[in-house]
Amino acid sequence: MEKNNFEKIFRPEFIFLDLEFNNKEELFSFVKEFLEKKKVIEEEEAKKLVGLLKERESLGSTGVGLGIALPHLSLKTIKETVCLIFRLKKAIDWQALDQKPVNLVVFIFSQEREHDFYLQTLSYVAQILHDKKIVSQILKAKRREEVYEYLVYKRKISFFKKYQKVFYYLLGMILIFFFAKFLFAKIKLPYDSPFNSPFWIKKEVIAILLFFSMVLGTLFFFSQRVAFGGFALTLLLLTGVVDIETTIKFMSIPTILFIIAVMIMVKWFSEKGVFRYLVLKAIQYFGNSPLILFGSLMFFSALLGGLIDEVSAILITFGIAIQIVRYTKGNIIPYLIGLVMATNIGSALTLIGNPIGIYLAFSAQLTFLDFLRNSTPISLLSLFFTIFLILLIYKKNLKLENKIELKKLEEEIDKKEVKIAVLVFLVFVILVVFHSFIERLLKIEERSMLLGAGLLIVGFIVFYEKEHSRFFVERGPDWWTILYFMFLFANAGCLEYTGVTYKLAYLLSEGAKRFPFFREDLKETFGSLTMLLWGSGILSGFVDNLPIVAALVPVVKNLILKGIPLANQLYWSLLIGGCFGGNLTMIGSTANLVAIGVYERAFRKSFRFSDWLKAGIIVTFFTLFFANFLFLVKILTLK
Amino acid sequence: MNNVIFVINKKEDIYLGILNYLKENKKKIILLGFPEKGEEEREYWHFLFSICEKLECEKIPFSVGMERGSLFNILELARAISAELIILPKSKFLLLGEEYEDFLKELEIPILIY
């Protein structure tokens with residue numbers, strides 16, 4: 001079948017852009033009236049049309065996924081096959097397979113006699129509407145003629161639109177090249193540093209270019225991020241910027257091993273129902289009022305975020321929240337935003353809450369107790385502040401119509417298995433908390449016990465689960481992410497190796513000297529801290545926080561070497577900025593995206609960028625400001 | 001009514017017997033095309049809609065859809081719609097290769113391979 005044969009079934013006057021209907025029935029009635037008015041079908045059959053469409057939908061939804069529905073009928077009085085296309089202003093529920101609401105509806109009405117052509121039309125339309133690029137152009141089209149041309153392949157997606165992301169990526173790379181080659185390379189360190197020589201400047205330019213090729217690649221082509229990391233690393237090796245030994249060293253194998261161990265553990269604890277059990281218990285104690293329940297759930301989400309990882313924590317607590325809301329007919333949006341924000345803030349509570357915490361621990365030689373002393377108080381106080389802010393924003397939306405009955409949920413948990421898993425979890429937490437004490441006691445290398453704790457528990461899981469343990473080891477870690485982390489650490493390490501971070505540290509300290517601050521001796525410290533906190537915070541709202549932190553850790557190391565007072569506080573500003581900044585936008589952290597995906601599937605509604613932004617800006621601004629204030633108090637107290 | 005995911009294979013014609021069985025047991029059928037990498041979708045859609053016609057005539061409840069990628073996507077769909085059975089062509093199941101053990105471990109509902 002030639003594509004041209006379908007031209008006659010589409011007509012620009014049968015395409016409707018941005019009409020608003022509340023439900024399918026309203027749309028069906030509009031279609032009936034339109035076909036009747038245009039005399040496409042006879043009056044007698046038109047009267048039955050709404051009933052026939054409803055009958056077809058009652059057999060099964062004609063929603064084919066990706067926000068598209070294809071209602072179709074064979075009719076007696078229609079003269080030829082016609083398609084009516086509706087781009088809806090407001091998506092409506094269509095009970096589609098992927099549970100997404102529908103915003104593009106294509107009606108296909110065919111003559112009963114044209115059976116073969118009818119089937120071919122259906123498959124043609126289904127196929128073109130499964131092409132995401134065409135659908136995206138149809139959704140953006142300004143005129144109905146444009147939609148028509150896309151449907152009959154008369155209008156090809158323009159070269160620029162087709163490769164829009166590639167152009168942006170290349171443009172970004174060109175700008176970075178000019179920045180690296182003609183601006184950054186001109187920066188000279190004040191002392192007689194080897195990094196001022198042309199030999200190292202050349203390496204610097206390549207390292208900057210390849211690091212940003214990975215960062216921009218992650219930003220524009222997220223699903224291909226591992227490929228970008230691999231390419232960048234290969235080029236670093238082939239251009240002789242680094243050697244294999246240095247690359248492996250920068251990959252930070254202890255960090256990677258620890259992350260793998262935590263992921264295996266989390267999978268095991270989750271399968272055993274440990275987290276579900278803990279959260280359910282909390283709700284039983286605090287669940288008498290909607291406000292206390294919401295606040296306590298946020299608190300536990302943050303706690304889990306700090307003790308496991310943000311993604312697992314949000315999956316557990318948001319899953320519970322969905323069940324609560326379904327049972328009590330409450331509003332899910334405050335739970336979605338509140339729990340995600342609490343989890344992001346909670347992920348800065350401990351060393352193991354966020355990959356950036358683990359990376360900081362191993363690369364900056366920080367212990368679990370260092371985290372407890374430095375990031376936990378700031379994170380905890382900011383958490384209470386966030387709970388207060390969220391309750392203030394959403395207090396009117398937290399009414400519950402039914403009381404919560406959790407017995408059914410609890411019955412699903414195997415308590416014996418939970419007890420064993422809780423015991424193992426406690427052993428892990430104790431070993432992690434006291435790792436530095438044990439290391440000193442046994443006179444072993446720093447962080448040996450930290451890494452050992454993870455590996456010990458993985459060993460136990462493999463021993464306990466016997467042949468079933470392969471499931472946890474193979475399916476627990478997100479191997480894709482692990483590989484990405486290894487490439488990222490190595491790429492970021494090259495910035496340090498080539499002296500880029502020395503120059504960044506120099507620029508930062510020069511900028512900090514101009515920072516308005518009443519204590520001359522702490523001007524540089526507080527200025528650098530504030531710039532790192534807000535810089536990493538705002539950037540983390542749009543880009544993954546790990547590349548930012550991985551690139552800035554060596555900068556902090558250089559500032560410490562430079563001897564600015566209390567410079568080790570800068571590590572904590574990176575951690576807090578990176579974690580809190582994830583709340584700024586709905587794409588700010590993986591936990592946000594995971595929770596929104598769960599919400600869209602569970603409630604058949606879309607979540608827009610703007611839905612998040614109000615609470616995102618308020619919470620991020622106030623928590624960063626609050627954290628900045630706490631850092632100020634801390635610095636003044638310490639010095 | 002319980003959902004059954006029926007992954008069709010355009011080269012087989014065994015589906016009629018299976019559909020009759022599902023009809024008798026009053027299941028809602030989710031007819032799914034699952035093209036392999038590089039395979040055209042159009043033929044699958046055509047095949048899906050031609051089966052749809054038969055189901056419509058016999059008033060059997062159904063939905064149609066198309067999945068690509070890994071068979072694990074079908075498991076996710078099964079979870080999302082609380083399906084009680086997955087019917088899968090042998091040829092698709094064999095594609096799993098070494099992954100089949102993981103697939104079976106993640107499988108929480110019965111699977112029928114034809």
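Two strands count as paired when DSSP finds at least two bridges between them. Keep that in mind as you walk through this predicted model.

**Stop 1: a pair of strands in chain B**

Select β2(B) and β3(B). They run in the parallel sense and are joined over five bridges. For a closer view, pick B:I30 and look across to β3(B), where B:S63 stands opposite.

**Stop 2: the whole sheet**

Now widen the selection to every strand of the sheet in chain B. You should see an open sheet of five strands, paired in parallel, in the order β3-β2-β1-β4-β5. Which strands form the edges? β3 and β5 (111-113) of chain B do, each pairing on one side only. Turn the view to look along the sheet: from one strand to the next, the twist averages 20°.

**Stop 3: the loop before β5**

Step back from the edge strand β5 into the loop that links α5 and β5 of chain B, and select B:P110 there. What does B:P110 touch, apart from its neighbours within four places in sequence? Its contacts are B:E84, B:L85 and B:I86. For a sense of distance, add B:R42 to the selection: B:R42 and B:P110 lie 68 residues apart in sequence, and their C-alpha atoms are 30 Å apart in space.

**Stop 4: where the two chains meet**

Show chain A beside chain B. The contact involves 27 residues from chain B and 26 residues from chain A. Together the two chains bury about 2,500 Å², with 57% of that area on carbon and sulfur atoms.

How many salt bridges cross the interface of chain B and chain A? The rule finds one. To see this salt bridge, select B:E56 and A:R56, whose closest N and O atoms are 3.6 Å apart. Between the chains there are also two residue pairs in polar contact, counted with both residues at pLDDT 80 or more.

**Stop 5: the face of chain B**

Finally, hide chain A and colour the side of chain B that touches it. At least two residues each come from β2 (28-33), α2 (42-57), β3 (62-66), α3 (72-80) and α5 (100-106) of chain B. Which element gives the most to this side? It is α2(B), with seven residues. Colouring by class, you will find 13 nonpolar, four polar and ten charged residues on the side of chain B that touches chain A.

Before you leave, bring β2 and β3 of chain B back into view: these strands from the first stop also supply residues to the side that touches chain A.

Note on methods: Residues numbered from 1 in each chain as written. Chains lettered and ligands numbered in written order. Predicted model: local features only at pLDDT ≥ 70, side-chain atom pairs only at ≥ 80, totals over all residues. Heavy atoms only, no water. Contact = heavy atoms within 4.5 Å. Buried area = accessible area lost by both parts, 1.4 Å probe. Salt bridge = Lys/Arg side-chain N within 4 Å of Asp/Glu carboxyl O. Polar contact = N/O pair within 3.5 Å; in protein donor to acceptor, adjacent residues only side chain to side chain. Helix = DSSP H or I, 4+ residues; strand = E, 2+ residues; numbered from the N terminus. Nonpolar A, V, L, I, M, F, W, Y, C, P; charged D, E, K, R; others polar. Axes fitted to C-alpha atoms, helices over the stretch in contact; angles between N-to-C directions.
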